[in-house]
Amino acid sequence: MMTGNIELFSAHLLGLYLIFSHPHTEGCADFGSLPPKPNIRNFSANQSLVVSWPRNRGASESDVYEIQIGRTKSRTIIYNRNVSIPTTDSGWSTLTWISDLPLECVDHSVRIRSFCNRTAAGPWSNWVTNHGARAADKPLIFPSKRILKEGSSATLCCVPPVGVNVTRITLRQDSYPLLNIGDGVQAILMTNLTIPNTHIKRLFFKCVDSTGNSNSVENHISFPPQKPRNLNCTTSDMTSITCMWDPGRKRDEFDFNNQTHTLYIENTDQTPVRCQPPSCTFPAVPQQQEYNIRLEVKDQLGEETATYSFNISERVVTLDLWRRIESKPDSGIRNVTLLWKPPAFGTATSVKIQSYAVQWSQEGQTVTELKDSGQSQAVVLIGPSRCNFTVQAALSTGSSISARIIIPPKDDSEIPPVKKRLSRTADGFHLWWNEQTSVTCGHTVEWCIMGSKAPCTLQWMKVPKGNSTFLPAGYFKPELRYSFNIYGCTDHGDKLLEIQTGYFQESRYVEPPRIIQPVKRTYTSVTLEWHYDEDDPAQRAFITGYLVTVQEVQTDARLGHAAILFNVSVGDPRQKSVTMEGLQQDQEYVCSVRALTTVGPGSAASITIRTKVNNFSHLPKILTPILLLLGCTVLLWPQRKILKNGLREIFTYPAGMNIKTPEFESFLNETGQKLQSQREEECISCDIEVLTVKPLWHESSILMDPEGTDTTCSPAPQSSLPPSCPLQTGYRPQSAVLLCQTPPHQQLRCIVNKSYLSPITEFSEIRSSFETSDCLQGSCAELYGYISDG
């Protein structure tokens, strides 16, 4: 009991201390009261959290509040801000905070406290929490089925069941790095979102957790509304008013970001009008001249507005009248075709057109012609001078205001402007042109299909103000060239200012060029030239250049290698020749030329050629032996006699040998083979065999060759020498064995070893060591041999 009293006393003492120690500020009498309790509301569509709280009644000048926002269950502070609110405001105050993370991903908590006179801070309020999503059996992905803004960044989160981890988040089957948010939640960051090129403009996301469960969602990419341009209102009968505008970028039919167009007539009590772009019609207010209108365009990504004020009596801007002028050559006569569009009376009126009155005046003469209500043009022949035209519609309730147009005098010296290429966009053509001070009454843009065999249906659009306009894609067809003539309205008529040409959609399949033949070629290069009319209006795309390809023809299909390619891009569409260097001589190539467009190369024109043979490359092979022979001739000319004799000795066979000319070659071959088989390094020694010879040496004898050819041996003179046998030049035996027999008729038979050495080798005679006298009384044999001195 005593302990409880002590605790109560201590609490009261602490309270008194806080009260007396707190500085008192004038006007803060109620400051010690409880802090304001905030309320929060979430808007998941734009990830916004709206915080509201009651005003502090004790402030003298203004209230200052400090607001904190915490994320996840641990309430990590991600936002802290002081808010000052004037005292003139009363009741509740609000703050809108937009989160970079979808509010469904995790808990978001808010607390608030107030300051008295910007100095003394009060206590914090309790946390108020906006709870995130809770996953049951499979992960959840946020945002889901939402329109994301093109070009922006977005954070996508995956919320797993309790106790389960996220393993992968993919977009189009591509994994992204995971960002840990807390409470088990993982996220990915996507920057610079782009609209997919697929039929339906959506992105598929998938989240997989550690248990293998997964979930998929889809989101769409779109762009926010654009501010309406060129808002203008007219009336044709003073009973209904039609407002028109340029809606800007066209949306795809599968874009889920639906837009609403609402027209507010602000200075009347009429209800807003829901419109279908690009026009809106509403009934005129009786007796009211001035109108202030506001056009509001809204979708899930934002809203845009445009305002316009006008006097209805000044907006009655009549038939929409235009003209086409064709001058006859070598003549001052001009053919003028007047074209007009009937006024739009609206669906709520019963006004009908009965006829049209066409009137023109030139050089003081005036002519009027009537056209029925079903016609919308008139053809008139005029002279070279200025001519004024008016067209007026006869209505069931009266007549429309006359539409006027001036045809300026003919000027043959006028130079037409240079044509410019026009870049297109996905939703149509955006035209810009230079302003000129002479233009006082707006501009007119006319266009027509170029290169068409059928007569062109001329179309036009009036631009009352400014130097730009937009032509929606619905006016145009793909792969056709359009010519846009921009006229400026002056006091003397409409003057042509600029000509712009363009395609709403270009084709890559254009006609092939025509290659000029014969093709210029050398043994290392090919020069291709071609004809092409890149300015032909019938072309289905602008020609930006050419692609020249040289392909080597395979000489052996078994090689299995791809042919070598040489590619050269020509960036100037007016350059129609190119030289390909570095080719092989006497090689066959296929040369192709394609016209290039912004979407790729067109059809190819091809030709097969062969490079020339480089005859100069064979000159070294021809000149080298000639020069060598000539040099040898010059060097050896002083020794010509010696060479002549030497050659005669080499190629002369022994005298007396009956060798025919055809046999001479065989003789030389056999001799060469035998000499080859008995080279000096192989002949180390010779064996000499002595046979018994009975005849005396001094008896007459006949020398016979081994093959039976008789050769006469003359007896030697009275000396110790044996009978001599003549040896012809070039016939030099390596060794000779003479077997001499002396038959009764004194003949000597000689057997010679048929071996030969080189005819230029010097020989020495070798005689046997026995004397001649030894053979006087009996049989004997003499051996003769010749060996080389070398």
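In which helix is Leu630 found? Leu630 sits in helix H2, which covers residues 619-636. This is a predicted model. The points below look at Leu630, Gln186 and Ser210.

**Leu630 and its patch**
- Leu630 has 52% relative accessibility, so this residue counts as exposed. The cut-off for exposed is over 50%.
- Leu630 helps make a nonpolar surface patch of about 650 Å².
- The other residues of this patch are Leu619, Ile622, Leu623, Ile626, Leu627 and Val634.

**Gln186 in its strand**
- Gln186 belongs to strand E15, residues 185-190.
- Gln186 counts as buried because its relative accessibility is 16%. Buried means under 20%.
- A polar atom of the Gln186 side chain lies 3.5 Å from the backbone nitrogen of Asn180.
- Asn180 is also among the residues that Gln186 touches, leaving aside residues up to four places away in sequence.
- Other contacts of Gln186, on the same count, include Leu156, Cys157, Cys158, Val166 and Ile169.
- Leu178, Leu179 and Ile181 are on that list of contacts too.

**Ser210 in its loop**
- Ser210 lies in the loop between strand E16 (202-209) and strand E17 (214-222).
- Its relative accessibility is 46%, so Ser210 counts as partly exposed.
- Ser210 and Val166 are 44 residues apart in sequence. In space, their C-alpha atoms are 6.0 Å apart.
- Ser210 touches Val164, Asn165 and Thr167, not counting residues up to four places away in sequence.

Key. Residues are numbered from 1 along each chain as its sequence is written. This is a predicted model: local features need pLDDT of at least 70, side-chain atom pairs count only at pLDDT 80 or more; totals for chains, interfaces and linings use all residues. Side-chain values use heavy atoms; hydrogens and water are left out. Helices (H or I, at least four residues) and strands (E, at least two) are DSSP runs, numbered from the N terminus. Buried means under 20% relative accessible area, exposed over 50%, partly exposed in between (1.4 Å probe, protein chains only). A polar contact is a pair of N or O atoms within 3.5 Å; within protein, one must be able to donate a hydrogen and the other to accept it, and residues adjacent in sequence count only if both atoms are side-chain atoms. Contact means heavy atoms within 4.5 Å. Patches are made of residues with over 30% relative accessible area and no salt bridge: like charges are joined within 9 Å, nonpolar side chains (Val, Leu, Ile, Met, Phe, Trp, Tyr) within 5 Å. Accessible areas come from the Shrake-Rupley method with a 1.4 Å probe; for residues, only the protein chains shown count as cover. A salt bridge is a side-chain nitrogen of Lys or Arg within 4 Å of a carboxyl oxygen of Asp or Glu.
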